[in-house]
Amino acid sequence: MDNERIEELFEGLGPVSIRKLFGGKGIYFDGVIVAIVIGGELMLKADAESAPDFEAAGCLQWTYTGSRHGKLVSMPYWSVPDSAFDDPDEMAIWSRRAYEAARRAGK
């Protein structure tokens with residue numbers, strides 16, 4: 001996903017900055033990370049308060065198998081509902097949820 005497309009998707013939230021992160025990209029708004037692009041997939045930040053909304057929308061949480069212990073590790077990032085990619089108003093709602101989760105996390 002190129003930076004121009006990322007900026008377009010987040011227009012409803014506001015101007016974002018994009019930085020390299022873990023072989024992917026970190027997407028920041030107002031000084032906090034709100035999303036990542038990893039393996040070409042856009043993932044939005046969530047927390048205990050917002051994760052149920054993502055799950056109810058059929059989104060998937062980013063997980064990986066830890067190399068040291070072989071256990072599944074869940075990260076606080078969730079896929080974006082497919083319908084949000086084509087609907088700027090819906091994407092604005094999801095990106096605001098990600099921003100609110102990021103603010104609650106204080107990072």
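1. Glu8 in this predicted model is partly exposed, with a relative accessibility of 43%. Its side chain meets that of Arg5 in a salt bridge, with 2.5 Å from N to O. Arg5 is likewise partly exposed, at 26% relative accessibility. Both residues belong to helix H1 (residues 3–9), and because they stand three residues apart there, about one helical turn separates them. This pair is one of five salt bridges counted in the model.

2. Arg5 also has a backbone contact that deserves mention. The side chain of Asp2 reaches the backbone nitrogen of Arg5 at 2.8 Å. Asp2 itself lies in the segment before H1 and counts as partly exposed, at 49% relative accessibility. With respect to a remote part of the chain, the C-alpha atoms of Asp2 and Ser79 are separated by 17 Å, and the two residues are 77 residues apart along the chain.

3. Which residue forms a salt bridge with Asp47 at 2.6 Å between the closest N and O atoms? The partner is Arg104. This pair links distant parts of the chain: Asp47 is in the loop between strand E4 (41–45) and helix H2 (51–56), whereas Arg104 is in helix H3 (residues 88–105), 57 residues apart. Arg104 is partly exposed, its relative accessible area being 39%.

4. A further salt bridge joins Asp53 and Arg97, whose closest N and O atoms are 3.6 Å apart. Asp53 is in helix H2 and Arg97 in helix H3, so this pair ties together parts that are 44 residues apart in sequence. Asp53 is partly exposed, with a relative accessible area of 34%, and Arg97 is partly exposed as well, with 24%. Through salt bridges that share partners, Asp47, Glu49 and Arg104 are joined into one network.

5. The aromatic residues merit a separate point. The count of aromatic pairs comes to five. One of them is formed by Phe54 and Trp78; it is tilted, with 6.3 Å centre to centre and 35 degrees between the planes. Since Phe54 lies in helix H2 and Trp78 in strand E6 (residues 72–79), the pair ties together parts that are 24 residues apart in sequence. Phe54 is buried, with a relative accessible area of 0%, and Trp78 is buried at 8% relative accessibility.

6. Phe54 forms a tilted aromatic pair with Trp94 too, at 4.7 Å centre to centre and 55 degrees between the planes. Here Phe54 in helix H2 meets Trp94 in helix H3, so the pair ties together parts 40 residues apart in sequence. Trp94 is buried, as is Phe54. Phe54, Trp78 and Trp94 form one aromatic cluster.

7. Where does the charged end of Arg97 sit? It sits over the ring of Trp94, 4.4 Å from the ring centre. Arg97 is thus placed over a ring and also takes part in the salt bridge with Asp53. Elsewhere, Arg19 lies over the face of Tyr28, at 4.0 Å from the ring centre.

8. Lys45 should be inspected with its surroundings in view. Lys45 is found in strand E4. Lys45 is buried yet has no salt bridge, and the nearest side chain of opposite charge, that of Asp47, is 8.2 Å away. A salt bridge requires the nitrogen and the carboxyl oxygen to be within 4 Å. Leaving aside residues up to four places away in sequence, Lys45 touches Ile33, Val34, Ala35, Phe54, Pro76, Tyr77, Arg97, Ala98, Ala101, Ala102 and Ala105. Among these contacts are Phe54 and Arg97, which appear above in the aromatic cluster and in the salt bridge with Asp53, respectively.

9. Two backbone positions call for comment. Most residues other than glycine have a negative phi. Phe22, although not a glycine, has a positive phi near 50 degrees. Phe22 lies in the loop between strand E1 (17–21) and strand E2 (24–29) and is exposed, at 70% relative accessibility.

10. The other position is Asp30, which is not a glycine and has a positive phi of about 55 degrees. Asp30 lies in the loop between E2 and strand E3 (32–38). At 48% relative accessibility, Asp30 is partly exposed.

Conventions
Residues are numbered from 1 along each chain as its sequence is written. This is a predicted model: local features need pLDDT of at least 70, side-chain atom pairs count only at pLDDT 80 or more; totals for chains, interfaces and linings use all residues. Side-chain values use heavy atoms; hydrogens and water are left out. Helices (H or I, at least four residues) and strands (E, at least two) are DSSP runs, numbered from the N terminus. Buried means under 20% relative accessible area, exposed over 50%, partly exposed in between (1.4 Å probe, protein chains only). A polar contact is a pair of N or O atoms within 3.5 Å; within protein, one must be able to donate a hydrogen and the other to accept it, and residues adjacent in sequence count only if both atoms are side-chain atoms. Rings of Phe, Tyr and Trp (its six-membered ring) pair if their centres lie within 6.5 Å; planes under 30 degrees apart count as stacked, over 60 as edge-to-face and the rest as tilted. A charge sits over a ring if NZ of Lys or CZ of Arg is within 6 Å of the ring centre and within 35 degrees of the ring normal. Lys and Arg count as positive and Asp and Glu as negative; His and the chain ends are not counted. Contact means heavy atoms within 4.5 Å.
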